[in-house]
Structure formats: structure tokens, C-alpha cells
Amino acid sequence: MGGIVRSSGAGRKRNLSTGQTSKLTRIAPPPELMGDVAIRLWKTQSKILIERGVFGVEDAPLLLAYCNAFHLMIEAEKVIAKEGLTVSGEMGGEKKHPAINVRNDAVSQVARLGSLLGLDPLSRLRMTSGKNDPDDAGNEFDEFD
């Protein structure tokens with residue numbers, strides 16, 4: 001059974017080299033996108049990710065979910081703008097409009113999926129700085145990279 005045994009997590013992540021190129025040059029919007037908002041977002045974000053060299057076909061399902069979540073967020077915001085923040089409850093009182101929950105869930109999904117794709121500032125910084133970061137002192141396991 002010999003060989004090198006590595007701990008779970010396999011040590012430090014390898015850094016992406018700047019100027020790395022993606023194998024893709026473009027990827028068409030899939031038919032599963034929910035509407036024009038999602039299609040436009042797919043086109044802009046896939047282009048950005050491909051230009052950064054960090055997008056492969058295996059990332060398409062994440063981008064699909066990201067774009068559809070963004071679409072749901074926008075649709076919920078339209079409903080809220082038209083119908084207001086509250087609705088009448090069954091017992092006659094006011095309660096929060098259900099579209100607010102849809103919006104909040106969509107915002108959470110956009111944030112989580114965007115982070116996984118490197119579309120938020122912190123993830124982008126983490127993906128591009130890595131070992132070039134002067135504040136990164138490393139750790140005792142760096143020699144095992």
C-alpha cells in the first residue's frame with residue numbers, strides 16, 4: 001500500500017497563475033436559463049470568467065444556478081415594487097410579502113454561488129493573490145505542496 005500519504009484537504013491550494021487561459025473561448029447560454037436577465041448575466045459573467053482563465057465546462061452548472069438565482073431575485077424585486085412589502089394575512093393583519101422570502105433566498109444563493117465562481121471581491125482577491133501576498137507567512141506544511 002506504500003506511497004505518500006496526505007492529510008485530508010491535501011495541504012494548501014495551488015495558486016492560479018496570472019495570465020492563465022481557459023480552454024474555452026465562449027460558451028453559449030443553456031436553454032435552462034429562466035429568462036432574458038439570466039441570459040444577459042450568463043453572457044457577461046461567462047466572458048469575464050473565461051478571460052480570467054478560471055472557467056471550464058465543469059463550472060457551467062454553477063454559473064447556471066447563479067444566473068437563475070439572480071433572475072429570481074430581480075423577478076421578486078419587481079413583484080415587491082408593484083405589490084408592496086406586506087400582504088393581508090388570513091386573520092386580517094399585515095404580514096411580510098412572500099416575494100421577500102424568495103428575494104432573500106435568491107440573494108443568499110447569488111452570494112454563495114458567486115463566491116464559488118470567484119465573482120465577489122474577496123474570492124477574486126484570494127484567487128489572484130495567493131503566495132504573492134506579503135502578509136501570508138505560510139505554514140509548516142508548505143513544503144508538502
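This note sets out numbered points on a predicted model of a protein chain.

1. Overall make-up. The protein chain comprises four helices and two strands. Read from the N terminus, its elements follow the order α-α-β-β-α-α. The two strands thus appear in the middle of this order, with α elements on either side.

2. Burial and surface. The protein chain has 145 residues, of which 29% are buried. The area exposed by the protein chain is about 10300 Å², and 57% of that area comes from carbon and sulfur atoms.

3. Contacts across the sequence. Consider the contacts in the protein chain between residues at least 6 apart in sequence. Of these, 61% link residues that are at least 24 apart. The points below describe two helix pairs and some individual residues.

4. Geometry of helix 2 and helix 3. Helix 2 covers residues 60-83 and helix 3 covers residues 98-117. The two pack at an angle of about 150°, and their axes are 8 Å apart. Because of this angle, helix 2 is roughly antiparallel to helix 3; the angle lies over 145 degrees, the cut-off for that term. The crossing of helix 2 past helix 3 is left-handed.

5. Residues between helix 2 and helix 3. On the side of helix 2, the residues in contact include L62, Y66, F70, M73, A76 and E77. On the side of helix 3, they include I100, R103, V107, Q109, V110 and G114. Sorted by class, this contact has 20 nonpolar, two polar and two charged residues.

6. Geometry of helix 1 and helix 2. Helix 1 spans residues 36-52 and packs with helix 2 at an angle of about 135°. The axes of helix 1 and helix 2 are 8 Å apart. The angle makes helix 1 oblique to helix 2. Here the crossing is right-handed.

7. Residues between helix 1 and helix 2. Helix 1 contributes V37, A38, L41, W42, Q45 and S46 to this contact. They meet residues of helix 2, among them A60, L63, Y66, N68, F70 and I74. By class, the contact has 11 nonpolar, four polar and no charged residues.

8. Residue N68. This residue belongs to helix 2. Is N68 buried or exposed? N68 has a relative accessible area of 12% and is therefore buried, since the cut-off for that term is under 20%. With neighbours within four places in sequence left aside, N68 is in contact with E32, L33, M34 and A38. Of these partners, A38 is listed among the helix 1 residues that meet helix 2.

9. Residue F70. Helix 2 also holds F70. F70 has a relative accessibility of 24% and so counts as partly exposed. Which residues does F70 touch, not counting those up to four places away in sequence? They are V37, L41 and V110. V37 and L41 are in helix 1, whereas V110 is in helix 3. F70 and Q109 are 39 residues apart in sequence, yet their C-alpha atoms are 8.3 Å apart in space.

10. Residue G114. This glycine lies in helix 3. Its relative accessible area is 5%, so G114 is buried. Beyond residues up to four places away in sequence, G114 touches Y66, Q109, L119 and D120. Y66 is one of the helix 2 residues in contact with helix 3. The C-alpha atoms of G114 and L62 are separated by 8.6 Å, although the two residues are 52 residues apart along the chain.

11. Residue P98. Helix 3 also contains P98. How many residues separate P98 and A76 in sequence? The two are 22 residues apart in sequence and 9.0 Å apart in space, C-alpha to C-alpha. P98 has a relative accessible area of 47% and is therefore partly exposed.

12. Summary. Helix 2 packs with helix 3 at about 150° and with helix 1 at about 135°. The first crossing is left-handed, and the second is right-handed. Residue F70 of helix 2 touches V37, L41 and V110.

Notes: Residues numbered from 1 in each chain as written. Predicted model: local features only at pLDDT ≥ 70, side-chain atom pairs only at ≥ 80, totals over all residues. Heavy atoms only, no water. Axes fitted to C-alpha atoms, helices over the stretch in contact; angles between N-to-C directions. Parallel < 35°, antiparallel > 145°, perpendicular 65-115°, else oblique. Left-handed = near helix turned anticlockwise from the far one by under 90°. Contact = heavy atoms within 4.5 Å. Nonpolar A, V, L, I, M, F, W, Y, C, P; charged D, E, K, R; others polar. Buried < 20%, exposed > 50% of the residue type's maximum accessible area, 1.4 Å probe, protein only. Areas by Shrake-Rupley, 256 points an atom, 1.4 Å probe, with all protein chains shown as cover.
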